[in-house]
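Reader: Please take a close look at the aromatic pairs and their surroundings. I would like the cut-offs stated along with the values.

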Amino acid sequence: MNARLERKLRVLTTIMAAGAAAGVAFSATHDLPILPGLVIGLVISTVLGGFEIMVADGPIRIWLSGRSFTANLLIKSAFYAVVILAVQWFRLADVLIGRTVEIAEDTFWSSLVYSVVVSIVVNLALAITNLVGGRALLNFFTGRYHTPVEEERFVLFVDIAGSTSLAEQLGGVGIHRFLDRTFRLLSLPVVDYRGEVLAYVGDEMIVTWTKRDGAVDCRPLSVALLHGHARRTGAQSGAV
């Protein structure tokens, strides 16, 4: 399976699982039938997950990346709130399961607020994961950084050629925009070949693979060759 598609499906599955669990939890704590809560959680999470992988990570990705972390979070959360309000107001879950039982007004509003809060928390978790990386976040929570282990890894260094002269020509803001755009483009083959961006250091991007993953089809070399073709745009690569 294509690595990008696999990543998108993994994100969608995670969001759907979180939505279903949240819906069941709300129903259980409010003494309501479990099935409607499960369905409404799946409906909301499927729509929001589809937005994340089809829109937020697609056509408007560049536009969103130009916003600050807070603005990005607020924009997505506002969209989430609109979707949740529509799903709750039109009782889509009840329509899907053929349920016509009326829900008390206080339960409706508490369910609405609960759904919005959960969606914002999930949105925040996804934003942080995209910012620091899934593996780094998992290692932080599992305490691996407190118990280091030795690993054999492939490492690829991607350096922007002539960045000093470019900075003089483009200025401080211009060079940062250039680097941001360049690294976003260069990271695409890294995802395709199942690598991991370890860090961005100035005008350099450091990519790594585990020994097992990197040995498959010479993935580090393949990415290095692809990045080598990018020299026309000012990028150089080296691997160890």
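Author: What follows goes through the aromatic pairs, then a lysine, then the enclosed space. The model is predicted, so local features need pLDDT of at least 70 and side-chain atom pairs count only at pLDDT 80 or more, while totals for chains, interfaces and linings use all residues. Residues are numbered from 1 along each chain as its sequence is written, and side-chain values use heavy atoms, with hydrogens and water left out.

A pair of aromatic rings is described by the distance of the centres and the angle of the planes. Rings of Phe, Tyr and Trp (its six-membered ring) pair if their centres lie within 6.5 Å; planes under 30 degrees apart count as stacked, over 60 as edge-to-face and the rest as tilted. The structure holds three aromatic pairs. One of them joins Phe-26 and Tyr-114: the ring centres are 5.1 Å apart and the planes stand at 35 degrees, so this pair is tilted. Phe-26 belongs to helix α1 (residues 3–29) and Tyr-114 to helix α6 (residues 105–132), so the pair ties together parts 88 residues apart in sequence. Helices here are DSSP runs (H or I, at least four residues), numbered from the N terminus. Buried means under 20% relative accessible area, exposed over 50%, and partly exposed in between, with a 1.4 Å probe and protein chains only. Phe-26 is buried at 7% relative accessibility, and Tyr-114 is partly exposed at 28%.

Phe-51 and Phe-79 form a stacked pair, with 4.1 Å from centre to centre and 25 degrees between the planes. This pair links helix α2 (residues 34–56), which holds Phe-51, to helix α4 (residues 69–89), which holds Phe-79, across 28 residues. Phe-51 counts as buried at 13%, whereas Phe-79 is partly exposed at 31%.

Helix α4 also holds Lys-76, which is buried with a relative accessible area of 12%. Leaving aside neighbours within four places in sequence, Lys-76 is in contact (heavy atoms within 4.5 Å) with Phe-51, Glu-52, Ala-56, Leu-64 and Asn-123.

As for enclosed space, a cavity is a set of points, on a 1 Å grid over the protein atoms alone, where a 1.4 Å probe fits but cannot get out; lining residues have an atom within 4 Å of a point. There is one cavity of 30 Å³ or more. The largest cavity holds about 500 Å³, the volume being the space filled by probe spheres set on the points. Its lining has 36 residues, with Ile-40, Gly-41, Gln-88, Ser-111 and Ser-115 nearest the centre. Helices α1, α2, α4, α5 (92–97) and α6 each supply at least two residues of that lining.

Notes:
On a 1 Å grid over the protein atoms alone, a cavity is a set of points where a 1.4 Å probe fits but cannot get out, and a pocket is an open set with protein on both sides within 12 Å along at least five of seven lines; lining residues have an atom within 4 Å of a point.
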